[in-house]
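The exercises below ask you to work from the coordinates to short, reasoned statements about local structure. Please attempt each task before reading its solution.

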Amino acid sequence: MKEAVMRSPRRFAILTFGIFAALIFATCNRAASQTVPGDLTGDGAVTIADATVALQIAIGIKSPSPQQLAAGDLNGDGKLSISEVTQILRAAVRIIKPEDLIQGPIVTTVVGDPVGFADGGPTVARFQDPEEVAVGPDGSIYVADVLNHSIRRIQPDGTTTTVAGTGLPGYKDGPAKQAQFNSPYGIAVDKSGVIYVADSLNRRIRKITPDGMVSTLAGAPEQRDGNFLPDVLDGPPTKARFAFPAGIDVDADGNVYVADFDANRIRKVAPDGTVTTLAGSGIAGFADGSAREARFNGPSGVAVDKNGTVYVADFYNHLIRAISPKGDVFTLSGNPEVDEEGNPLGGYEDGPADTARFDGPASISIGANGVLYVADYYNNRIRRVEKDGSVTTVAGTGNVGSADGPGAEASFYTPNGIEFANGVIYVADSGNDTIRRITSDGTVSTLAGVPSQGDVDGPAHQARLRAPEAIAFDSDGNLYIADAGNNKIRKLSTDGIVSTVAGTGAIGYKDGLARTAQFDLPTGLAVDDAGNIIVADRLNQRIRLITPDGTVSTLAGSESSGYKDGIGEGAMFFNPRNVTIAPNGNIVVIDTYNHRIRSVDYNGKVTTLAGSDPGYQNGPALSARFSFPQAAAFDPEGNLLITDGDNHLIRKLSKDGTVSLFAGAPAVTSGAPEPGFRDGQALEARFALPSGIVVDKNGNVYVADRYNHRIRKIDKDGNVTTIAGTGDVGFTDGPGKSARFRYPIGLAIGPDGALYVSDAGNSRIRKITGIR
């Protein structure tokens, strides 16, 4: 489901598990290598053959794959030009060195799988956030590959190919290989093999015919600043508008049913493209009854049976709903608890319709004899709903993971798409970036793709992390990683091996030997001059210490969250997110939910340096106000620079105890700071939840601009520029201008002078070279 909606801050939505054996990588072909500038053939060198392919692409004879575009787009403008062909040819004949092809920042992957897109066999293919699956008449499985902006096909022999899309976000009809999509979430295939796509951020329903032509069936959104705007309007195809079309299905007559997620409506598209509203008032909430008056809350999946009944996965209501052919809306299954304000809460329980519980049902498919299969997103399970609404679990332990095997032992990570065909259930296991299969005996296997996340030590590209946050180097050049989703502290040694420093992986709180210690969402870390690792153990509300001999202890904090200065257990924190080392040797704590900056010495004494109530206010430190500060770093003069997350600003705590604005221009509407993006002078620039921050020896400041999916630089003269990231969420290495990130959150400067990035949403550590 859509990134901002489905990637919830809830723990289980950021946790994932995947065991990745070295054997898988041994069988991978050259697609698993790092992108080499100019190497369009993927053989690791720049040759005449690469120049030939580049020329074919530049003059339009050939459409580039995402890897070829990353290798050939030397200036980061998203295309290949004749000048770039010339440069590649010059490198091929060694007039220039291949390493001199790209001038400026280059992004590579240091830890984790360096490939985000690849066609090929089951363990070679790569997906990025596959959200839905559909089965065609010939038994092929079609995949809406959201962050690769492509439609993929898994053939019956397990080989994955790309049906349509260039790999880059955009909107373009025409031949499939040249067509462009922007986050295609929903997919359906009719009996003649026509593919229908819910092209979500283009706010359209697209169609791909068997002869490989892409056209727009319905949707004509307004456009502003390069983005198509969400809206709701019924009518002819060139007038109709969608808010966020998500799950879709098609009936025998060619009518397409659309779960318009942000509109809280179910829409119907006739074969001629005319759009009507089938059900939903548009008001988020819950109400059964007539179609016009019924209410949904984030409908994400639909399925239509042969009688015309439409079933709906009502995501935020945690229900399975149905719309009868007469237009009556009723609840088939689910009975969530509600909070104090009456909002439905997710849960997990099998049983009769009126006691069963779901947690974000994302997709729905009709099986044999009219039973329903549901991808239960936050429960990490596949559920079965009988005609009477009773529910059982088909597969999934509920724990985040990627284990295959019997249904009761298998694990998933936020499964989003589901399709039943010929006795087999196919699952788009979106968090694992894989397509899974459940046979009639309940056995789960991986059909295509390999998990991009997990808990695996070993050589850097074979290692797996899960939602890493803060990173820091020690004096020997080893990189330490707060592997938050795995509840571990990891280490990338100088010889390229990833190992576990501390933590069992289980959620808990335990001091002692590093190998038996336990953490609960460790998000921040720093390494002091003595080699001690200081950890912000966020949900344990404590600051922990790991000594070089492998002993874990607690410096300060207690079991309960709160705000209190004091010593050791007498002090209280509220979700401390980050730490850094002050020039005087003390530990600075970013106490995020207390909206304060704290200090801890090695005796456990906690004091407050800055902050008071949440908000925005400059001035004396203890009366200043922050809003969910994220991280901090000292400049060469000893001033503390703070990423003020929800204010979308960079603040400065001077040595004299005064807080001021360092960078960012908070646009305020109704008193609430707004995120934005703009380069320029520091006080005119805009950020969106700035997170990680680091300062180099020359005083240049680097910021992980999390919600802009970019890495920003503030130079000594106060100029803000973007050094890497297009702003489109995803994963792509290459020139900084064309690289893509997914919620970058942690930064560190390595002994080689490169900037290292903890790319949390991609569960990778990236590296940016060539920064000046």
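Five exercises with worked solutions follow, all of them on a predicted model.

**Exercise 1. Edges of a sheet**

Determine the order of the strands in the open sheet that contains β13, and explain which strands stand at its edges.

Solution. Begin with the order, which is β13-β14-β15-β16, four strands in an open sheet with antiparallel pairing. Next, consider the partners: β13 (245-250) and β16 (275-279) each have a single partner strand, so one side of each is left without a neighbour in the sheet, and these two strands are the edges. From one strand to the next, the twist averages 30 degrees. Finally, look at one pairing in detail: β13 runs antiparallel to strand β14 (residues 256-260) and is joined to this strand by four bridges, and Ile-248 has Val-258 in β14 as its bridge partner.

**Exercise 2. A hairpin**

Describe how β44 and β45 are connected, and state how far β44 is covered.

Solution. Strand β44 (residues 576-581) pairs with strand β45 (residues 587-591) in the antiparallel sense, over five bridges. Within this pairing, Ile-581 stands opposite Ile-587 in β45. The two strands form a hairpin with five residues between them, and in the turn Gly-585 has a positive phi of about 95 degrees. As for coverage, five of the six residues of β44 are buried, so that the strand is mostly covered.

**Exercise 3. Surroundings of Leu-525**

Decide whether Leu-525 is buried or exposed, and identify the residues that surround its position.

Solution. Leu-525 is found in strand β39 (residues 522-527). Its relative accessibility is 3%, and because the cut-off for burial is under 20%, Leu-525 counts as buried. With neighbours within four places in sequence left aside, the contacts of Leu-525 include Ala-470, Ile-471, Ala-472, Tyr-480, Ile-481, Ile-489, Ile-533, Val-535, Asn-578 and Val-579. A further link along the chain is given by Thr-580, 55 residues apart from Leu-525, with the two C-alpha atoms separated by 7.3 Å.

**Exercise 4. A buried lysine**

Establish what the nearest side chain of opposite charge to Lys-713 is, and test the pair against the salt-bridge cut-off.

Solution. Lys-713 is found in strand β58 (residues 710-714) and is buried. The nearest side chain of opposite charge is that of Asp-696, 6.1 Å away. Because a salt bridge requires a side-chain nitrogen and a carboxyl oxygen within 4 Å, Lys-713 has no salt bridge. Its contacts beyond four places in sequence are Asn-700, Val-701, Tyr-702, Asn-719, Val-720, Thr-721, Ile-723 and Arg-772.

**Exercise 5. Aromatic pairs**

Classify the geometry of two of the 13 aromatic pairs in the structure, and state whether their residues are buried or exposed.

Solution. Start with Tyr-377 and Tyr-378, whose ring centres are 5.0 Å apart; their planes stand at 90 degrees, so the pair is edge-to-face. Tyr-377 counts as buried at 0% relative accessibility, and Tyr-378 is buried with a relative accessible area of 4%. Then take Phe-473 and Tyr-756, with ring centres 5.0 Å apart and planes at 70 degrees, so that this pair is edge-to-face. Here the pair links distant parts of the chain, since Phe-473 lies in strand β34 (residues 471-473) and Tyr-756 in strand β62 (residues 755-759), 283 residues apart. Phe-473 is buried, with a relative accessible area of 17%, and Tyr-756 counts as buried at 8% relative accessibility. To finish, place Tyr-377 and Tyr-378 in their setting: together with Phe-261, Phe-315 and Tyr-316, these residues form one aromatic cluster.

Note on methods. Residues numbered from 1 in each chain as written. Predicted model: local features only at pLDDT ≥ 70, side-chain atom pairs only at ≥ 80, totals over all residues. Heavy atoms only, no water. Buried < 20%, exposed > 50% of the residue type's maximum accessible area, 1.4 Å probe, protein only. Lys, Arg positive; Asp, Glu negative; His and termini not counted. Contact = heavy atoms within 4.5 Å. Pairing = 2+ DSSP bridges. Axes fitted to C-alpha atoms, helices over the stretch in contact; angles between N-to-C directions. Phe/Tyr/Trp six-rings, centres within 6.5 Å; stacked < 30°, edge-to-face > 60°.
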